[in-house]
Amino acid sequence: MPLVPLDIPAGVYRNGTEYESKGRWFDTNLVRWREGRLEPVGGWLKFDESPIDGKARSILTWRGNDSARYIAVGTHTKLYASQGGSMYDITPAGFVTGREDSVAGLGYGIGVYGDSDYGTSRNLALITDATTWSLDNWGEYLVACSTSDGKAYEWQVGLTTPAAQISNAPVDNIGVIVSNERHLICLGAGGNKRKVQWSDQEDNTTWTPAATNLAGDLELETSGRIRTARRVGNDILIWTDVDCHLMRYLGPPFVYGIERVGTDCGVVGPNSVVVSGNTAVWLSESGFWIYDGSIKPLQCDALLDVTDNINSVQGAKVFGGHNSQFGEMWFFYTSDESTDFENDKYIVWNYRLNHWMVGSLARTCWADQGAFPNPLALDKDGYTYQHETGWTNDGSTRVGEVYAISGPVELGQGDRLAVVDRIIADDYENLPSLKTTIGTKNTPEGTYSDTEYSLSESDGYIDVRLTARQLRVKLEATRDDGFKFGTIRMNLKQGSRR
């Protein structure tokens with residue numbers, strides 16, 4: 001009787017029915033694969049016991065010139081900063097409070113002139129986005145801009161001093177970014193949603209172009225509106241809601257040039273982009289895209305799980321975060337199941353091993369490790385957490401939440417069933433915190449009959465009695481620790497005809 005390995009490759013596949021995911025993992029939560037082995041995602045602990053006001057939509061961490069660690073967080077009501085401890089309110093005077101949620105409604109000019117009869121209702125909807133922030137560093141200082149307020153602010157790392165509006169900078173912007181050449185750049189400058197305007201080099205208070213400075217501006221050739229920008233390598237990528245443009249330093253007298261490098265690939269939200277070195281990945285309405293010198297679609301084995309379930313009205317809340325320790329790009333989004341219209345789901349691309357993971361975790365923004373030893377993220381209640389710390393949810397158990405479920409595994413051939421009377425785990429000594437539930441059935445339309453087994457038998461042999469054409473496996477944590485699971489082997493033999 002042969003021992004047949006149940007060797008399911010890493011990553012989930014959810015672009016079809018459960019049966020179409022046969023031989024793959026179909027559903028997961030709070031697990032990842034590393035070096036081919038399944039293990040739980042690290043836990044998290046509160047970084048600050050006091051919540052902040054408003055819904056956090058952006059976070060930035062950095063070190064000051066004296067190596068002090070700083071955090072900045074923008075919510076729809078406030079701007080906060082911390083020097084490695086409690087959050088301080090640094091909201092600038094005159095700041096215009098924003099919107100907690102995106103709102104869909106009708107508006108003047110939303111449709112094409114003459115496309116319907118006067119006085120009849122339209123089905124087109126105009127989405128007014130939830131407020132988001134862009135945060136960046138001007139040296140050790142913080143520069144910030146809220147989409148609802150539109151002014152460019154600077155904070156000079158004094159915890160008792162609020163941020164202040166930058167003199168002479170354009171207003172009614174949708175964001176800011178600092179270039180590698182040390183120009184402060186305003187996006188959608190002055191209310192022109194296609195305009196990019198930059199300050200003089202090393203001087204963010206000089207904005208009027210002159211023969212004696214390098215200030216200037218350009219307008220994108222696009223039918224869309226600017227949503228966000230990121231430094232990618234030596235250049236800056238600028239996204240609208242419909243396309244993507246490359247901003248490149250040319251030097252005097254032109255300073256910068258901008259060219260469109262991708263169409264039909266706009267972002268769903270200002271923070272739905274993740275950058276790692278010379279590569280950027282983002283979520284658009286048509287799926288995931290990648291820039292690594294050129295723009296192309298990124299194949300995603302769980303794309304339909306996102307596009308079929310995302311709350312498209314709340315697209316501005318999508319937040320992409322980098323977890324460099326594991327080579328992962330996380331995208332948190334609001335699903336149609338979310339009752340409070342906040343991010344409740346995630347999808348992850350492991351770019352080192354090229355597989356995808358899905359699950360549930362309520363996070364509104366995320367900052368990678370760097371200035372701090374662990375990633376930091378905020379939840380919808382305004383609490384800051386340090387991630388990849390221990391194996392619990394801030395001290396509470398995650399048992400029942402950490403699991404992986406396979407798609408169907410074909411056993412029988414033709415009209416014959418298969419019989420399994422023993423399974424063997426590859427390293428039972430490291431699996432005392434796992435249980436497996438094996439479901440069996442004979443047809444794709446049938447109902448699984450589930451039986452639960454422990455994987456911690458002292459000799460590594462688990463006696464079973466299974467007869468079926470196909471089975472599925474659910475692995476589930478029974479305690480909070482760092483289990484590692486590779487594969488199991490089944491003692492398989494041919495059964496009777498059915």
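This is a short tutorial dialogue on reading a predicted model of one protein chain.

Me: Where do I start? How many helices and strands are there in the protein chain?

Reply: Start with the secondary structure, and remember that the model is predicted. Here you'll find 42 strands and one helix.

Me: Okay, what does the radius of gyration tell me about the overall shape?

Reply: You hold the value up against what a compact globule with that number of residues would have. For 498 residues that would be near 23 Å, and the protein chain has 26 Å, so the two agree. If you'd rather picture a box, the C-alpha atoms fill one of roughly 85 × 60 × 40 Å along the principal axes.

Me: Which share of the residues counts as buried?

Reply: Buried means under 20% relative accessible area. By that cut-off, 54% of the 498 residues are buried. As for the accessible surface, the chain has about 21,400 Å² of it, and carbon and sulfur atoms hold 45% of that.

Me: What about contacts between residues far apart in sequence?

Reply: Take the contacts with a separation of 6 or more, then ask what part joins residues 24 or more positions apart. In this chain that part is 57%.

Me: And the charges: how many are positive and how many negative?

Reply: There are 46 positive and 65 negative ones, and their mean positions lie 5 Å apart.

Me: How many disulfides does a search of the whole structure find?

Reply: Zero. Take Cys-300: its nearest cysteine sulfur belongs to Cys-265 and is 17 Å away, whereas a disulfide needs the two sulfurs within 2.5 Å. Cys-365 is in no disulfide either, with the sulfur of Cys-145 the nearest at 17 Å. Cys-300 counts as buried because its relative accessibility is 3%, and Cys-365 counts as buried because its value is 0%.

Me: Let's try a single residue. Is Ser-179 buried or exposed?

Reply: Buried, because its relative accessible area is 5%. Ser-179 sits in the loop between β16 (175-178) and β17 (184-187). Beyond its neighbours within four places in sequence, Ser-179 touches Ile-185, Arg-231, Ile-236 and Tyr-256.

Me: Where is Ile-127, and what is it in contact with?

Reply: Ile-127 belongs to strand β11 (residues 126-128). With a relative accessible area of 32%, Ile-127 is partly exposed. Setting aside neighbours within four places in sequence, its contacts are Ser-102, Val-103, Ala-104, Ser-312 and Val-313. You can also check a distance: from Ile-127 to Ile-258 it is 131 residues in sequence and 28 Å in space, C-alpha to C-alpha.

Key:
Residues numbered from 1 in each chain as written. Predicted model: local features only at pLDDT ≥ 70, side-chain atom pairs only at ≥ 80, totals over all residues. Heavy atoms only, no water. Helix = DSSP H or I, 4+ residues; strand = E, 2+ residues; numbered from the N terminus. Rg over C-alpha atoms; globule rule 2.2 N^0.38 Å. Buried < 20%, exposed > 50% of the residue type's maximum accessible area, 1.4 Å probe, protein only. Contact = heavy atoms within 4.5 Å. Areas by Shrake-Rupley, 256 points an atom, 1.4 Å probe, with all protein chains shown as cover. Lys, Arg positive; Asp, Glu negative; His and termini not counted. Charge placed at Lys NZ, Arg CZ, Asp CG, Glu CD.
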